[in-house]
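Welcome to a short set of exercises on aromatic rings and their neighbours. Have a look at the model, try each task, and then follow the solution.

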Amino acid sequence: MIQLLSHLAHLEVTTPDLDASVRFYEEQMGMREVERDGDSVFLRCWGDYYTYSLVVTKGEQAGLAHMAWRTSSAEGLQEAVRRIEAAGVQGEWREAGHRHGRAYRFTGPYGHVMELFWEVEKHRAEGQHQSQYPDRPSRRTNHGVAPRFLDHVTVAASDVKGFARWYSETLGFRIMAYTSLDHAPVTVFSVLTTNEKSHDLGVVLDGSGVPGRVNHIAFWVDTREEHLVAADVLLENGTPIEYGPSIHGIGEQTYLYFREPSGLRVELNTGGYRNYVPDWEPYDWKPAQGSNSLYRNSAMPMSMTESFPPAPGPSATEEGALPGTEDDLARELANPYGAHGRG
């Protein structure tokens, strides 16, 4: 298979309080508003190569409206569409959108809306936002958390391996790792990538029965020092830290989780490995090995199993509470990551 996708280009999220969410991304995250269109606000990190990486749109609940990926070429876009439709999914072509060309939008088999495009407007700042580095799209900012760019998105699905297999076989994502429970044959997490990063797409197990949910969105800073400063900035501005800072065993990235005003979980990453192996075989981690927290010296809060929008029934992601698994899960704690030393 030719490389179809290049990388994650932008995300659109929904919020019931547009002003509060946008204010958070501007004042605490340090992102910059670049334009508005009705109830949608387009924001960018200082290092984003395209005009924006996050669209915040007014909606009834926090959630993921769509994720947008740039293809590797015009030919890659056509081939991706052919493969999607051959797999039995029918999307639609949309004319040029905000700062990018013609795009193909479809809903994947687990309810997530994805948009693919090739042509896109490159960002080049002017005036006070212009960088001294010719390769940088705009100057570095030290305002707020100040992420360099969008890093990844982690969604929720009823079948983790089924989700990973479809996106791998159809669109060429490389499956990098899984997590299965220590005492039950239940796969609760997987990470996939379109490039050399440890992942730009994650999926957690969701027992709610509601399709198309998201667990978190993630941004990147360059160093661990910046990561720790970011935690300090958030705390000083009254934003509680949900989990971290620590290091994921999977991907070896330093993480920090918190919530924006809509309740949507946001992660900040740094570190991690680069992997160029074309025939990589994903390892199946166990929580006790530190898949989630490599140091295995803290308990993950139960709130981390929540996905969005809120759903009735079990919102269990890492819990793996799906019909038919109850007996196996009786041997697990209510939260398999929730014991000290479990990772």
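**Exercise 1.** Find which ring the charged end of Arg70 sits over.

*Solution.* Start with the criterion: a charge sits over a ring if NZ of Lys or CZ of Arg is within 6 Å of the ring centre and within 35 degrees of the ring normal. For Arg70, the ring is that of Trp118, with the charged end 4.0 Å from its centre. Next, try Arg136: its charged end sits over the ring of Tyr133, 3.9 Å from the centre.

This is a predicted model, where local features need pLDDT of at least 70, side-chain atom pairs count only at pLDDT 80 or more, and totals for chains, interfaces and linings use all residues. Residues are numbered from 1 along each chain as its sequence is written, and side-chain values use heavy atoms, leaving out hydrogens and water.

**Exercise 2.** Classify the ring pair of Tyr110 and Phe163.

*Solution.* Rings of Phe, Tyr and Trp (its six-membered ring) pair if their centres lie within 6.5 Å; planes under 30 degrees apart are stacked, over 60 edge-to-face, and the rest tilted. By this rule there are 15 aromatic pairs. Take Trp93 and Tyr104 as a warm-up: with centres 5.3 Å apart and 65 degrees between the planes, they are edge-to-face. Now for Tyr110 and Phe163: their centres are 5.8 Å apart and their planes at 55 degrees, so this pair is tilted.

**Exercise 3.** Which residues form one aromatic cluster with Trp69?

*Solution.* Joining Trp69 are Trp93, Tyr104, Phe106, Tyr110, Phe163, Trp166, Tyr167 and Phe173.
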